[in-house]
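Thanks for making time. I will go through a few local features, mostly rings and what surrounds them.

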Amino acid sequence: MNIDAILMKPGMSELLRENALKLNIACSFVNCLLVALKAFAKSTSDSSQHLFKNPSGLISLILSLLTLDRNDSSIPLNEPTLQRLISSSFATLIEASMNDDHIWAALKDYTQMPDLIYSLLLSEPRPGIRKDIAEIIFCLCGESPLQKGYWSNTVSKNAILTGNLATATGADMVKSFWQAISLLLPRAVKHPQLAQEFFEVALVTFHTVAMLPTTEIPYKQYVQDWGNILLSHNGKEFVGRERVDHVVLGFAYLLKMCLELAISENIDAGTTNLMANLFITLLFPNLSDTQDDKIQPSIPIMNTTTRQEIYSIILLLCRSTNNCAEMLELLEDIIPYDYTYDPTWIFDRSKTIRSAEGYAGLRNLSNTCYLNSLFTQLFMNLDFRKFILEVETSEDDPTQAVLTETKKVFAYLQDTWQKSVDPQNAVDTIRTYDNEPIDINIQMDVDEFYNLLFDRWESQIRSAEDKKKFRSFYGGQLVQQIKSKECEHISERLEPFSAIQCDIKGKPGLEDSLRAYVEGEIMQGDIPDNLIFHLKRFDFDVISMMRSKINDEFHFPERIDMSPFTIDYLSNPDAPIEPDMFELVGVLVHSGTAESGHYYSYIKERPSAGPNNSWVEFNDSDVTRFDPAKIPDQCFGGTGDNMHSLSHVRFGCKVWNAYMLFYQRVSSMEKAKTVYEDSIGDSPARIPLPLELGNHIALENEVFIRIYCLLDPNHARFVVGLFNRAREINRTENTEIASKIQKMSMHVALDTLEQLVARSKDLPEVEPLLIDIKRSIDECPRAAYWLLQWTGKRPLLLRNLIAKSPNSVIRVGFSKLLVTALSRLQDRLGDADSDRELQSEYHREYMDMLEKVVGIMVIMWTTLHFYSRAWDDYFEVLVEIANLGLYEVETLIEHGFLLRCLEMVWLDGHDSRRLKEVYPAYVRLIEKGRKFSHYKLTELLAIFLENIDIAADPVRTGQSRRTEAGKLALSYAESELVLALGDKRELALLKKVIEQQENVEAARRIFTTFLSTTPAIDGLMDSIVHMLEEGLAVEPASLASPFLEITLLFCGMVPEIDRVRSLIEFATKSVDSINEAGGRDHITFIQTLPTLNNTAILEQDELFFLSLVLEMAPYWAPTLLHYDDRLVRNSAFEYLQEILFLKNLDDATETTRQFYQRTGRQLGQACIDKLQTTYLATSNAQTVVDASTVEIIQYVIKLCIEKYFDEENIEGDRAIIDRAGGLFLFTLSYIPFESKRI
């Protein structure tokens, strides 16, 4: 090639560094050479040809280009051109090697290859160059790190190699690159922020080399070496930012791949202690011991992706049985039991950790935003913070309570890792000028609170020197001058100030307001380093006698010279004076009206490195970055613009504007950079805390960050994976340690479920964890025993999982697990293959576990009213236990659950049993509108009653409940509630169960139970009938719906035809009084009656029910035919058509014809009476008749007259027909004209 001859002319490499033109020409020639090599590669695959006369010279030239000092400003190339030169040179080196073996042979002997890779992928600060070099190597390997999720992670030495790897040169190049990269891995730890591309290349080349035939990979050595490097790496974690440490993530990827590849080749690559060390060092550092020395809390790896990879490594290492056992032992103590930083017990992980800015906010207690915004402004003044943290206070001295609690608030704001600090204790110590506690529900004016707060602070400072220093932070002196009109005498009076009051009405900006201010009052002496300007935005309107807010636009500068407002200047304006510059460092904003609003703060971080103008916004708990360029829009006030919604604009003005301004002397800010130089970096400057307070916060931080990491969804996935690994070990290894592993895994899984998953709003591993625990129980009865044993040792467990958890999947899922476990233990009792001694042990274990579970449910009952959403879940557990058998029912009843169910049913508005005194808290919640479902409670009551012999004599405490009939007897207390009668001798319990309509099916079961007992108890049937009659007659009639359904059940079961007839007659006669409610239920009841299949009655009269419905038609039909609901009217008419008017009587007997004739006449007469009663008896001039309401009943009257009346032959029929005609004309006259049918 001629291009290489040009590049390798004598002296070219030296001239390139000096001559810009030659360097640019060289860059172009390198690009041309690269294009030529790629074209040549497409034309042939023979790399044995000699393409270059001087391979070593070409390599030296290209290496000289690659090793240019890219940070040397004297190199005459711009950044893009330099990047292209480096990338093209490296690509040319690769292409030349692939096309000419001699080039590769010469390059392979280059001993500085690791240093070259180091300079290009690790120490290179330009990400563009690093990415280009990485892509070139990816192309050589034929893989990309983006594909790692799709790699099989298995070694196949027989795989067909393609692309560059199909050639000996290509494969050898990849091996050489991997050799160089593996040597560089220990040096990568120095570049955690630049190492991403390096580790991506390492991952790809390692995977590629592992796939090459004849390659032996020292997996175990790699795991040991990489693990040691990873564990010794001292990363810089920052709580709140979760930055990626590419060293940790890169080694994690490599270790994971190494272990997976080793497993695929059946090689044990695990090393001693690696698993535990990874877990303890990177995921969950040990908690510090309480001690006198200063505690430096350990921060685990925070990045979610990195943690996920480390969990994957640990799971791979847990393929070893011993490692699995060791990991489970570590996990058993990892969760701080029943810990929470949030009193609501439920974690929202995304809202728990401090902001990325490195500060915590202050929790708003109700209306305490004024306090929060002022506290954060003062806290961000580092000198003031230092004073508060160092001022002498005594924890035991109540006269220093405000100062002591302020110190704690400032300490937590600085050092806590939680999102916000609770200022409640500090607020509780502050008293108003009337010595009253602050009302957190009433918002104070922040300026008034500022004066109150500083007064309280100053009064609690003991040292005179400290008092003086305290006043100097924001305090100065004003001179009030009074000039005499008669002489030149000037009277002066000194007054201290801490905040300068600035009028804004009629003032365009701060300087104008200050000029007006100093006309009467002048600053004297040393102006403090910190100034607060209170902008007087609130005024009093004497016309409306109300406070108002001034939202006028008011400017204030970034810097202000305060020297023109001092007495020295104003006394002699012409004299030269040094500028006294102050810089804006904080704006306290009020958004809203004079009556209501919200305070928040914008604050400049200081000191800060260099010219950095970094601001943050403190808005109660939220702390975010703020762009100071937005200050005019967000703080000046004035007219709103289209960028804001109208809801935030009042009368065209912005209601969000500056209320207090904070300025700091520029010279003091520069001085602070020197004083706090060691604290300035990429994290906020901090002040050392008192040892005891600092250690207390450090210990809290360690526990908090552990909980935060435990709530990472990756941890729950890890536990699921480890649990399944334990199941696999137990299935394949019949050893003592295998059994121990499964037991520990069950405890760890349940701990995770209760303490983590159940307390998280959005943890995704809920169902997989529940499913896997269920599978374990199905596979092994001992797992069921371990679950129940663990439950029995932790009484709060059931409360947390069944009552407290907001996740219904958890509440329902664990309830099923609990009952499944009991059922599995119960199944063992019937194991015919076990000997008597083993059966005895099984029986003892089952009874013991049942007793413990039921005992805990009894304890839970005392607080169940706090968890109204969990009532069905709680009683579902009891229902499933009761379904296990009679013994279980007896156990529940003996523990008082039947009595509790009965009391809940009886506890209604009447409270005839005075149960409100027994359940006062529950009753109060009911009165406040809290809803409690009794659906499952009613089902449980049904099960209890089905297993009880109601007719048996009650038993006393301690007596056996078992009866000869194989059922259980009631206690005296239970019997009183079960068989109690109401005022009208009705069965009171049954009536309450039915009318409460909590569970219709359970109510039917309870009714059936009582009905089946009637032969054994005298008068019980009468009490049931009285109960039904009471319910059928209830008003409003819509409340009769459940009693109609139970009446149908009664009529379908009771064989006594007279009782059934009597009750149906009562029900149908009650229809006349339903008024505007219950129509649909009653017509359904009527239509259902003839479909009943009461064999005992139908054997006597197969048409009994239909005949009775027809016979009672004059009682039920008129009301339903004239009902307001059109659907009811139509249904009643269509049903009459079916059973009466369209009935074919051609083949009927004379008796049947007479029955229908009589029924039709009585129906017609009843309908006429209905119209007459409705309209004639109550009509007046204002009566309006709805045509649609009367048309159907009129039509029925017409049908009855036509079919069943004879105006000529039957005595009295003429009078009835005439009366009907008169009614039709009467109602027609009261129908509005537009409603009349033509």
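A residue is called buried here when its relative accessible area is under 20%. Phe375 comes to 1%, so Phe375 is buried. Phe410 has a relative accessible area of 0%, so Phe410 is buried as well. Keep in mind that this is a predicted model.

Now the aromatic pairs. The structure holds 50 of them. One is the pair of Phe375 and Phe410, with 6.2 Å centre to centre and 90 degrees between the planes, which is edge-to-face. Phe375 sits in helix H16, residues 369-379, and Phe410 in helix H18, residues 401-415, so the pair ties together parts that are 35 residues apart in sequence. Both rings also belong to one aromatic cluster, whose members include Phe379, Phe384, Tyr450, Trp457 and Tyr474.

Next, two tryptophans. How are the rings of Trp861 and Trp871 arranged? Their centres are 5.7 Å apart and their planes stand at 50 degrees, so the pair counts as tilted. Trp861 is in helix H33, residues 836-861, and Trp871 is in helix H34, residues 871-882; they are 10 residues apart, and the pair links distant parts of the chain. On accessibility, Trp861 is at 11% and is buried. Trp871, at 2%, is buried too.

On to charges over rings. Arg187 lies over the face of Tyr118, at 3.9 Å from the ring centre. Arg187 is found in the loop between helix H9 (168-184) and helix H10 (196-211). Is Arg187 buried or exposed? Neither term applies, because its relative accessible area of 31% makes Arg187 partly exposed. If neighbours within four places in sequence are set aside, the contacts of Arg187 are Asp115 and Tyr118. Arg187 and Leu122 are 65 residues apart in sequence, with 8.8 Å from C-alpha to C-alpha. A second case is Arg547, over the face of Phe538 at 4.7 Å from the ring centre.

Last, one helix. H15 covers residues 321-332, which is 12 residues. From first C-alpha to last, H15 reaches 17 Å, close to the 16 Å expected at 1.5 Å a residue. Which residues of H15 are buried? They are Thr321, Asn323, Cys324, Ala325, Met327, Leu328 and Leu331. The buried residues of H15 pack against four helices: H13 (274-283), H14 (304-317), H27 (713-732) and H28 (736-755).

That is what I had. Questions are welcome.

Note on methods. Residues numbered from 1 in each chain as written. Predicted model: local features only at pLDDT ≥ 70, side-chain atom pairs only at ≥ 80, totals over all residues. Heavy atoms only, no water. Helix = DSSP H or I, 4+ residues; strand = E, 2+ residues; numbered from the N terminus. Expected span 1.5 Å × (residues − 1). Buried < 20%, exposed > 50% of the residue type's maximum accessible area, 1.4 Å probe, protein only. Contact = heavy atoms within 4.5 Å. Phe/Tyr/Trp six-rings, centres within 6.5 Å; stacked < 30°, edge-to-face > 60°. Lys NZ or Arg CZ within 6 Å of the ring centre and 35° of its normal.
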